[in-house]
Amino acid sequence: MLPSAVHLLIVVPARIGSSRLREKPLRVLRGDPLICHVVRTVLDWDFGAPVVVATDDVRVVEAVEPMDVVGVLTRRAHPSGTHRVAEVADLPRFQRADTVLNVQGDLPHVRRDVALAALGRLVGGDPIGTVGVPLSLEALGDRGRVKVAVDRASGRALRFSRSVPASVAWPCDVDVLEHVGLYAYTRQALRRWVQLPADPEEQSEGLEQVRPLAHGIPVGVARWMGPAPVSIDTERDLLQAQAGMTLVGHGGSG
């Protein structure tokens with residue numbers, strides 16, 4: 001359960017211009033736009049917190065209008081979902097929130113316990129929390145699934161990469177996990193993240209989560225022993241979901 005002192009805001013960033021799946025938030029999955037499936041899942045968690053869909057397209061706002069969420073039209077030029085989340089968190093009506101949860105808009109069935117695990121890293125003292133799951137053999141060579149090297153002692157991220165980071169690079173016991181694209185931030189850490197300059201590795205890998213590590217902001221990684229929550233990133237993912245097939249989980253790409 002969430003501590004009673006936490007004032008939580010949940011934001012689902014939903015950019016219309018995905019390069020791998022055109023107009024992804026609006027693609028129909030079993031009769032409803034994908035974004036509606038994500039929102040329904042988040043509402044089912046019953047965290048008692050405001051849920052906001054942050055998007056750059058009015059059609060996404062209109063799609064979630066019948067649901068018990070707030071749709072916010074954000075600037076188009078944001079370089080990442082975290083920047084879109086930060087714009088929402090800075091709105092006057094959400095200033096009371098001291099903790100922000102970013103649930104990416106391509107995770108239609110992420111479990112409540114996974115979200116709680118990310119938030120638990122903040123309760124433990126980390127400014128940013130996320131989740132990693134055991135790395136399967138299938139995921140090893142898949143650059144669509146992001147890997148995170150984690151210091152076993154502290155539970156904090158050492159590196160995010162699309163390839164498997166070499167453990168010999170660190171003088172500590174390291175676990176390499178598959179990253180789940182869900183983030184919890186303190187308000188202060190979120191503001192600092194988006195004010196920092198982009199890192200060259202962030203740009204070459206296309207991974208927003210590289211930025212805080214490059215600038216010395218700790219990222220706690222909660223270990224989740226189940227499979228990675230399914231994300232719908234490609235036409236193939238969508239077709240499999242439409243057919244009711246079991247999808248292979250993908251890590252978060254930022």
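Q: How many of the 13 residues in strand E10 are buried?
A: We're looking at a predicted model here. Strand E10 covers residues 174–186 and is mostly covered. Buried means under 20% relative accessible area. By that cut-off, the number of buried residues in E10 is 11.

Q: Which residue in E10 is the bridge partner of threonine 99?
A: Start with the strand that threonine 99 sits in: E6 spans residues 99–103. E6 and E10 run antiparallel, joined by 5 bridges. Follow the bridge from threonine 99 across to E10 and you land on threonine 186.

Q: Which residue in E10 does isoleucine 128 stand opposite?
A: Strand E7, residues 128–134, is another one joined to E10. There are 6 bridges here, and the two strands run antiparallel. Across from isoleucine 128 in E10 you'll find tyrosine 185.

Q: What is the bridge partner of lysine 147 in E10?
A: Now take strand E8, residues 147–151, which pairs with E10 over 5 bridges. The pairing is in the antiparallel sense. Lysine 147 has its partner in E10, and that's glutamate 178.

Q: Which residues have the most contacts inside the largest nonpolar core?
A: This core has 39 residues. Elements giving it two or more residues include E6, E7 and E10, along with helix H1 (34–45). The residues with the most contacts inside the core are Ile35, Leu101 and Val103.

Q: Which residues numbered in the 180s does leucine 101 contact?
A: Leave aside the neighbours within four places in sequence. Leucine 101 then touches residues including Leu8, Ile10, Trp45 and Leu119. Further along the chain, its contacts are Leu182, Tyr183 and Ala184.

Note on methods:
Residues are numbered from 1 along each chain as its sequence is written. This is a predicted model: local features need pLDDT of at least 70, side-chain atom pairs count only at pLDDT 80 or more; totals for chains, interfaces and linings use all residues. Side-chain values use heavy atoms; hydrogens and water are left out. Buried means under 20% relative accessible area, exposed over 50%, partly exposed in between (1.4 Å probe, protein chains only). Helices (H or I, at least four residues) and strands (E, at least two) are DSSP runs, numbered from the N terminus. Two strands pair if DSSP finds at least two bridges between them. A nonpolar core is a set of buried Ala, Val, Leu, Ile, Met, Phe, Trp, Tyr and Cys residues joined through side-chain atoms within 4.5 Å. Contact means heavy atoms within 4.5 Å.
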